[in-house]
Amino acid sequence: MATPLVAQASTLECLARIASKYPALPGAYIVVSQIVPNRVGVQLHGFQAVEAWREALGVPFEQVVLSRFSPDRVVLEFSTTVRQLGLEAVDFEVYGIEDVAAPEAGAS
């Protein structure tokens with residue numbers, strides 16, 4: 001039997017509160033799964049959007065990780081747990097990917 005939508009209610013309300021408090025926050029591709037209803041995946045376009053979400057969620061910059069996704073793409077990401085009054089805690093996984101110049105052969 002599938003998880004009912006009500007299991008995702010706290011997560012959806014958390015997102016609605018964030019949208020209300022930060023109306024200029026960049027839009028995102030957001031995934032809320034029935035498998036883990038209190039986890040949100042936030043995919044953003046570019047590092048400026050990741051930075052805006054980092055600030056809105058109150059995540060210290062030391063928790064942000066930059067890594068190479070592929071030879072010509074890098075990813076900036078962080079994870080955090082958001083606790084809001086009257087709601088279950090919600091785990092956020094936020095990331096953005098940017099294209100970069102591929103390293104030249106033999107470069108170190």
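Here is a short chat on reading burial, contacts and helix geometry in a predicted model.

Trainee: Let's begin with helix H1. How do its expected span and its end-to-end distance compare?

Mentor: The idea is to allow 1.5 Å a residue and hold that against the distance between the end C-alpha atoms. H1 covers residues 9-21, so its 13 residues should span 18 Å, and the end C-alpha atoms are indeed 18 Å apart, which agrees.

Trainee: Which residues of H1 are buried?

Mentor: Ser 10, Thr 11, Cys 14, Leu 15 and Ile 18. Look down the helix axis and those buried residues sit within an arc of 140°, so they line one face of H1.

Trainee: And what do they pack against?

Mentor: Helix H2 (47-57), plus strands E1 (29-32), E2 (39-45), E4 and E5 (90-99).

Trainee: You mentioned E4. Is Thr 80 in that strand buried or exposed?

Mentor: Buried means under 20% relative accessible area. Thr 80 has 16%, so it counts as buried. Its strand, E4, runs over residues 73-82. Setting aside neighbours within four places in sequence, Thr 80 is in contact with Leu 57, Val 59, Val 90, Asp 91 and Phe 92.

Trainee: Now Phe 69. Where is it, and what does it touch?

Mentor: Phe 69 belongs to strand E3, residues 65-70. Not counting residues up to four places away in sequence, Phe 69 touches Val 74, Val 75 and Ile 97.

Trainee: Why does Phe 69 count as exposed?

Mentor: The cut-off for exposed is over 50%. Phe 69 comes in at 53% relative accessibility, so it counts as exposed.

Trainee: How far apart are the C-alpha atoms of Phe 69 and Lys 21?

Mentor: They are separated by 32 Å, with the two residues 48 apart along the chain.

Terms used. Residues are numbered from 1 along each chain as its sequence is written. This is a predicted model: local features need pLDDT of at least 70, side-chain atom pairs count only at pLDDT 80 or more; totals for chains, interfaces and linings use all residues. Side-chain values use heavy atoms; hydrogens and water are left out. Helices (H or I, at least four residues) and strands (E, at least two) are DSSP runs, numbered from the N terminus. Buried means under 20% relative accessible area, exposed over 50%, partly exposed in between (1.4 Å probe, protein chains only). Contact means heavy atoms within 4.5 Å. The expected span of a helix is 1.5 Å times one less than its number of residues. The arc is that of the directions from the helix axis to the C-beta atoms.
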